[in-house]
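Dear colleague,

Please find below the structure that I am handing over to you. My notes on it follow directly after.

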Amino acid sequence: MRNEIRITAVACALSLCLLPVHGPRASALESSLGDYEPGEIGSIHFDGLGEISSGLGDYETGEIGSIDSDGLGEISSGLGDYETGEIAGIDAEPLGDIEVDLGEYDVPELTGVDGEIEAFYSELVGYLDHDQLTQLAGLTPIEAADLATLQHDLIGDLTDAFAALGVDVAFNPYTGTARVDASLLYAVDKYEVTEAGKAVLRPLMQAYCSVLAQDKYRDRISAVTVTGHTDSSGSHEYNQTLSERRAQAVYDFCLSEECGVADSAWLAQVLTAEGRSYDELIYGPDGAEDKAASRRVEIGFRIKMGG
């Protein structure tokens with residue numbers, strides 16, 4: 001048996017690689033690209049626009065870059081360097097009326113595991129991004145079983161460590177990603193971590209690293225990630241800078257003596273920081289952007305596929 005993950009493309013029916021399309025409140029998605037050379041087109045961001053008119057005309061299938069619009073009459077375009085067939089990670093809760101075709105991934109069936117691990121694995125694959133799913137599809141059933149068992153055990157140990165240190169943050173029970181509201185870490189439109197924010201991060205990172213740096217896990221961890229996110233207020237450029245600075249401030253604190261991580265030398269080798277502006281907004285049940293939830297920092301980890 002093979003698991004297939006499919007998300008049907010509603011917003012874009014192009015026979016080429018796709019990047020995320022964000023805009024649950026747009027009534028129509030059309031575009032006019034003008035005299036752009038055939039090549040890359042990108043993520044489309046719009047905030048309640050009634051209509052974005054457009055025709056792709058005779059553009060050849062290929063790569064997609066970025067188009068951003070913050071309620072402006074014109075659409076400004078920045079082109080990326082994505083190779084054909086590449087799909088960027090998409091994370092929205094829920095996506096609303098826009099669904100994106102992620103293709104079909106030939107996820108291996110597990111071998112030699114019990115029902116609890118199988119159920120955990122089934123849920124886990126739903127949270128993996130394109131790169132992770134592609135790597136997973138290349139594993140043997142035995143390698144996939146090893147990965148699922150390792151992740152399952154690691155999540156269990158993280159849960160226990162969080163409880164022991166009184167860590168109270170949103171925590172994904174499959175990926176291990178911890179989500180911290182920006183209001184707990186920073187003042188409005190600021191990026192310096194407040195004293196209250198340090199009090200939130202300190203036990204979180206101590207618990208995180210007390211588990212990830214254990215001998216049975218540390219060599220399997222490829223990265224510990226700090227990712228900053230904003231809401232859609234303001235320009236994409238402004239929010240990109242803000243999200244990067246916020247992530248960097250958390251990164252710096254995590255490696256400081258003040259944070260108190262026991263194995264900071266190991267953490268320094270794997271810790272990364274990046275900002276994603278408002279590229280991964282969170283939406284409420286009504287499809288409207290949840291601005292408070294969108295303003296966040298996520299701390300997670302990645303396991304090396306295949307050992």
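In this predicted model, five strands make up an open sheet of mixed pairing, in the order β5-β6-β9-β7-β8. Its edges are formed by β5 (170–171) and β8, each of which pairs on one side only. At the β5 edge, 2 bridges link β5 to β6 in the antiparallel sense, and Phe 171 stands opposite Ala 178 of β6.

Two helices are associated with this sheet. Helix α6 (residues 236–254) packs on the sheet and touches β7, β8 and β9, with its direction at about 160 degrees to that of β8. Helix α3 (residues 141–165) lies across β5, β7 and β9, and runs at about 140 degrees to β9.

Strand β7 (residues 221–229) merits separate mention. It is joined to β9 (residues 296–303) by 8 bridges, the two strands running antiparallel, and to β8 (residues 271–275) by 5 bridges, here with a parallel course. Thr 225 illustrates both pairings: its bridge partner in β9 is Gly 300, while its partner in β8 is Thr 272. Strand β7 is also mostly covered, with 7 of its 9 residues buried.

I also looked at the loop between β6 (178–181) and α4 (195–212), where Ala 182 is located. Is Ala 182 buried or exposed? Its relative accessible area is 6%, and because a residue under 20% counts as buried, Ala 182 is classed as buried. Beyond its neighbours within four places in sequence, Ala 182 is in contact with Arg 246, Arg 295 and Arg 296. Ala 182 and Ala 293 are separated by 111 residues in sequence, yet their C-alpha atoms are 8.5 Å apart in space.

Helix α4, which follows that loop, comprises 18 residues and spans 25 Å from its first C-alpha to its last, close to the 26 Å expected at 1.5 Å a residue. Its buried residues include Gly 197, Leu 201, Leu 204, Met 205, Tyr 208 and Leu 212.

Finally, a remark on confidence. The mean pLDDT of the chain is 76, and 66% of its residues reach 70 or more. Over residues 1–102, pLDDT stays under 50. For that stretch the model has 207 contacts beyond four places in sequence.

With kind regards

Conventions
Residues are numbered from 1 along each chain as its sequence is written. This is a predicted model: local features need pLDDT of at least 70, side-chain atom pairs count only at pLDDT 80 or more; totals for chains, interfaces and linings use all residues. Side-chain values use heavy atoms; hydrogens and water are left out. Helices (H or I, at least four residues) and strands (E, at least two) are DSSP runs, numbered from the N terminus. Buried means under 20% relative accessible area, exposed over 50%, partly exposed in between (1.4 Å probe, protein chains only). Contact means heavy atoms within 4.5 Å. Two strands pair if DSSP finds at least two bridges between them. pLDDT is the predictor's confidence in each residue, from 0 to 100. The expected span of a helix is 1.5 Å times one less than its number of residues. Axes are lines fitted to C-alpha atoms, for helices over the stretch in contact, and angles run from 0 to 180 degrees between N-to-C directions.
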